Each structure stands twice: as structure tokens, then as C-alpha cells.
Protein chains: 2
Amino acid sequence: MKVGYFQTHPEFGEVQRNIDQVAVRLGAVDCELLVLPEFAFTGYQFVDQEEVRELSEPVPAGPTTQACLELARRHRMHLVVGLPEKAGGECYNSAIVVGPSGFLGSYRKTHLFCEETLFFSPGDSGFRVWDIGQARIGVMICFDWYYPESARTLAVQGADIVCHPSNLVLPHCPDAMVTRSLENRVFSITANRVGREDRGGKPPLTFIGKSEVVSPTGRILSRASADTPELTVVEIDVDDARNKSINPYNELLRDRRPGYYCS
Amino acid sequence: MKVGYFQTHPEFGEVQRNIDQVAVRLGAVDCELLVLPEFAFTGYQFVDQEEVRELSEPVPAGPTTQACLELARRHRMHLVVGLPEKAGGECYNSAIVVGPSGFLGSYRKTHLFCEETLFFSPGDSGFRVWDIGQARIGVMICFDWYYPESARTLAVQGADIVCHPSNLVLPHCPDAMVTRSLENRVFSITANRVGREDRGGKPPLTFIGKSEVVSPTGRILSRASADTPELTVVEIDVDDARNKSINPYNELLRDRRPGYYCS
């Protein structure tokens, strides 16, 4: 199975232009699953709630989801894409999952980071897994990585691949995702962005790039640069994520002992 | 507070000699908490159940715990030390916590690794935390690191320092402990051993050393070599582990959302 990340450099607020820049690249890409960053087409550093409301969209009716559906159909691939979602008067930091057969669902970020807590409601979807035929994929967004419960909850639900749209500004995540993959024996695809945002007099944010695909044994199959847009596809064998045997005596998930874990 | 690890190279089965070799070094050490490896004085590669029974001891009545108590009193330090424990007809892969004031308690390894599953009963103590005055310390043993629930359960109970006696043979743990410290904002002290065991025709085991102390922000304060015994003490500020603030909007443990986590 061919999977990849698209490390982008969106321009804040220029949703249609950012979508077009992604669209123009997809024709030349041969893969079954492509992960894009958190807030892939809007940019990240919202100045106030009004701006959040303006750029948030209903899912799946909004234009971003519809554009992604069209791209997924045309290029016969699954896409995982972050966007600000508007629903029932609330805004969520969400990611959609779309494929050639249509809209599969969405995930609302469970662990909001920093000023996101001012502008978005805490996600209420829970961690979800979708069977896309060749693999079962789960989604978590950016700061969710900090909480090991996120990837664990996806793995326990059978995820082979953790799709991880991100807008990382702290340095630790790329290495930590090696641990996340290893401790769950899953593939992970972190799609981060690059560039810098410095809006409304707020402290500037520099996004660290380093998007990556990590194997279930913690091998970094590909890691992008810190500062350049990049679309990378790697070939994986999904069965590697279904083999939870660490050695003849230890099976990763079977050997969990939840009775001794904190809730 | 001064804390450290003693990366040792025990000789299999030579319990008294191995204790003596440790004892002779402690007089020159100025620290309040010292962590020793898993099975610090027996060695690791048991050939059969009979050998396990011979080398296992009651806790705290057995000679190893008594020797450690004497060392802790004499040198006015807390020690965390791995040993095979015999109790009620069962054997456990355990670690004791002793201090100048006496025996504090023990922990029985929750996640047994590889052939340990043949010789030891799965730990039934659960993850425990002790207040030693200057810090609250929790204990997990070696392969427990693979399960993020181990360190998390200690952190949720208030551990400032995760003491981690180990006999590591896989390569991933030293880097993974950076993630463990970071995701819980705790100090961690991994005390590993060095050397090789090749007993009873079993596949040889090479222990990877690389004992380390990691800070709550994921900084490696000290990491030992891969192949040499080493006793290292570093100065830490325990308050760093009690500050769970990631930024003005995020508090690490407060922001957990257990309702969305798998059990």
C-alpha cells in the first residue's frame, strides 16, 4: 500500500488558493492514502473568534470537504485533511476522512493546544477508526500526540495506521512519534506544515516541518525537512501493523493489564 | 536533590559478591536516591525454574533486602533495587524501596518480558508511589516502559520521579524514556546493566547500558555508555516535576480526557 504526507505552506485565510495549490500536485501522485496538515487550507494563527467563525465550515456540506471529495474521487485516493469545523453553534478543530467512494467521517480534536482553547470547543467525537479496504486508519490531531492515550485508543480499536494532521511548533513530536508507533505497533503518518505566522501582534509561530512516516517497529521510513513543502509517498506492508508479536512470549495488546492502569 | 543510577555488571548467581561490589562504591557517593538495575545482584538469564527458586528471596526478610537496608542506613540514601522475590509459593520480578528509616515497600513487575513469563508470576502489586520526603517516587521495571500506562499511572498518583530498574536488551528504551518523561512531566531514572549472559545453551543476551536521568521537559541530564559500569549522580529540582503547566492554557494532567480513552 502506498501512503504519504503532504507537508504544505498555506497562506493564512486564502482557502481557495491553498486548495488549488494542493490540487495541482495530486495528479502526479500515485498513492492510496495521503495525509495533509491540521488546518491545511486556512492557516493556524486565528486572531479572534470572529475570524474562526468566518473560516469554519460545516462538514461535509462545506466547500473544503466538497473540494476534498472531488480530489479523492478524481485521483482515487483517501485523504485525511484538517479544517476548522462549524456545527451547532460550536467550532471544532477537526479532520475529515474522504475517499473515492465518498465521505467517511470526521474527528474532532480531543486535546486542544494553547489558544485553540479560546476559540474551539473540545472535541466530542472520540477517537475513531475507519476501514478503507487496504487498512484501518485512525485519526488524531497535532497535540493529541502528547497524550499516549490518543494513539493507544486508536490501536485498541484496530487502527493499522495513525493519521496525524499537525501544525507543530514544539520540537519533541517527531521523535515522540517513534515511541507512539512502537508502543502500539502501528504505522504513523504525521503531516506537518512549514513556514511562519505572525498575526495580530501575537507571538510569532514557526512550524517545524519534519513530517514523517514511522513503521510499527519504530523505523522512520521518511522524514521531511524543517522548512520546505514536500509531498512524499512510501510503500508499506499493512500486515506489519497487524503482527503484534514482540517475541514468542509477548503480544503487545494482549499483554496489557488494564486492571492496573489509571483511568 | 541529588539522584543517580548505578549501572552495574553483575556476575550471574554471585549474589554476595555482587552486593559487595556495589557496597564498596557507596561510601564515596553523595546522593539521596540511587537506582540499581533489575535483578541487580542475581543476574538475569535464569536457566530453569529451579534456579529462579534458589535465587529468589522473601521481601523484606531475605538477605538482599537486609543488605540494602543496611547500606541505606549507613549512607543515608534511598535505594531502589531489583531482585527476584519469593512469596507464597510464587516468584516475582520485584524491586524494593529502602531508605535510612527502613523498608518502604516493593513493586512486582506488571509486564513480564519474554522468558520471564515462564519463571515469574505477573506482578500483583500495581504501580505504587512512595513519599521519601524530598520527592514522591514511583517504580516500574524494565519492559514496563513499553506500556505508556505504567509511567502514566505513576504520574497520576503523584510521582515526581519514575525509578526504572532495568536489564534492557532491545535498543529503543533510552530514547523512549525521553517521551515517557515528557508526556508525564516527571523525572525518570533508568538504571540498566552492561555485559553479556550466555547460559544453558540459550541465545546470548547483551545488555545495552545507556542508563540515564531524563528531566520533565525531556532533557537527557546524563546518559551512561553502552558497555561500562558507571555510577552517576545529578542534581535535580523536584519542583520541575510538580509544574505541569505546558503553557498558560494547558496543564498536563488536568487536560487529560479519560472519558475518551480506552481502558
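How many salt bridges does a search of the whole structure find over all chains? The search finds 44 of them. This count comes from a predicted model, and the paragraphs below walk through that model, from a sheet in each chain to the contact between chain A and chain B.

A good place to start is chain B, where six strands make up an open sheet. Read across the sheet, their order is E5-E4-E3-E2-E1-E14, and the pairing is mixed. The edges are formed by strand E5 (102-108) and strand E14 (230-235) of chain B, each of which pairs on one side only. On average, neighbouring strands of this sheet are turned by 30 degrees against each other, direction ignored. Within the sheet, strand E3 (residues 78-87) and strand E4 (residues 90-99) of chain B run antiparallel and are joined by nine bridges. One of the residues to look for here is Lys86(B), whose bridge partner in E4(B) is Cys91(B).

Helices accompany this sheet. Helix H1 (residues 15-26) of chain B packs on the sheet and touches strand E1 (2-7), strand E2 (33-35), E3 and E14 of chain B. The direction of H1 makes about 145 degrees with that of E1(B). Helix H3 (residues 63-75) of chain B lies across E3, E4 and E5 of chain B, and runs at about 10 degrees to E4(B).

Chain A offers another sheet to explore. This open sheet has six strands in the order E6-E7-E8-E9-E12-E13, again with mixed pairing. Strand E6 (129-131) and strand E13 (220-223) of chain A stand at its edges with a single partner strand each, so one side of each has no neighbour in the sheet. Here the average turn between neighbouring strands is 15 degrees, direction ignored. Strand E9 (residues 187-191) and strand E12 (residues 212-214) of chain A pair in the antiparallel sense over three bridges. In E12(A), Glu212(A) is the bridge partner of Thr190(A). Helix H6 (residues 173-184) of chain A lies across strand E8 (161-165), E9, E12 and E13 of chain A, running at about 25 degrees to E12(A).

How do the chains meet? In chain B, 44 residues are in contact with 44 residues of chain A. The area buried between the chains is about 3800 Å², and carbon and sulfur atoms give 60% of that area. Tyr146(B), Tyr249(B) and Tyr260(B) supply 17% of the area that chain B buries against chain A, more than any other three residues.

Charged and polar groups also take part. Between chain B and chain A there are six salt bridges. A salt bridge joins the side chains of Arg180(A) and Glu183(B), at 2.6 Å from N to O. Polar contacts link 25 residue pairs between the chains, counting pairs with both residues at pLDDT 80 or more. On the side of chain B that touches chain A, the elements giving two or more residues are helix H4 (116-119), helix H5 (148-156), helix H6 (173-184), strand E15 (245-247) and strand E16 (250-251) of chain B. By class, this side of chain B has 21 nonpolar, twelve polar and eleven charged residues.

Salt bridges are also found within a chain. Lys2(A) forms one with Asp30(A), and their closest N and O atoms are 2.8 Å apart. Lys2(A) lies in strand E1 (residues 2-7) of chain A, and Asp30(A) lies in the loop between helix H1 (15-26) and strand E2 (33-35) of chain A, so the pair ties together parts that are 28 residues apart in sequence.

A few backbone details complete the tour. Most residues other than glycine have a negative phi, and most peptide bonds are trans. In chain A, the peptide bond from Val59(A) to Pro60(A) is cis, with omega near 5 degrees. Pro60(A) sits in the loop between helix H2 (49-55) and helix H3 (63-75) of chain A. In chain B, a cis peptide bond joins Val59(B) and Pro60(B), with omega about 5 degrees, and Pro60(B) is placed in the loop between helix H2 (49-55) and H3 of chain B. Cys114(B), a residue other than glycine, has a positive phi near 50 degrees. Cys114(B) is found in the loop between E5 and H4 of chain B.

Definitions and conventions. Residues numbered from 1 in each chain as written. Chains lettered and ligands numbered in written order. Predicted model: local features only at pLDDT ≥ 70, side-chain atom pairs only at ≥ 80, totals over all residues. Heavy atoms only, no water. Pairing = 2+ DSSP bridges. Helix = DSSP H or I, 4+ residues; strand = E, 2+ residues; numbered from the N terminus. Axes fitted to C-alpha atoms, helices over the stretch in contact; angles between N-to-C directions. Contact = heavy atoms within 4.5 Å. Buried area = accessible area lost by both parts, 1.4 Å probe. Salt bridge = Lys/Arg side-chain N within 4 Å of Asp/Glu carboxyl O. Polar contact = N/O pair within 3.5 Å; in protein donor to acceptor, adjacent residues only side chain to side chain. Nonpolar A, V, L, I, M, F, W, Y, C, P; charged D, E, K, R; others polar.
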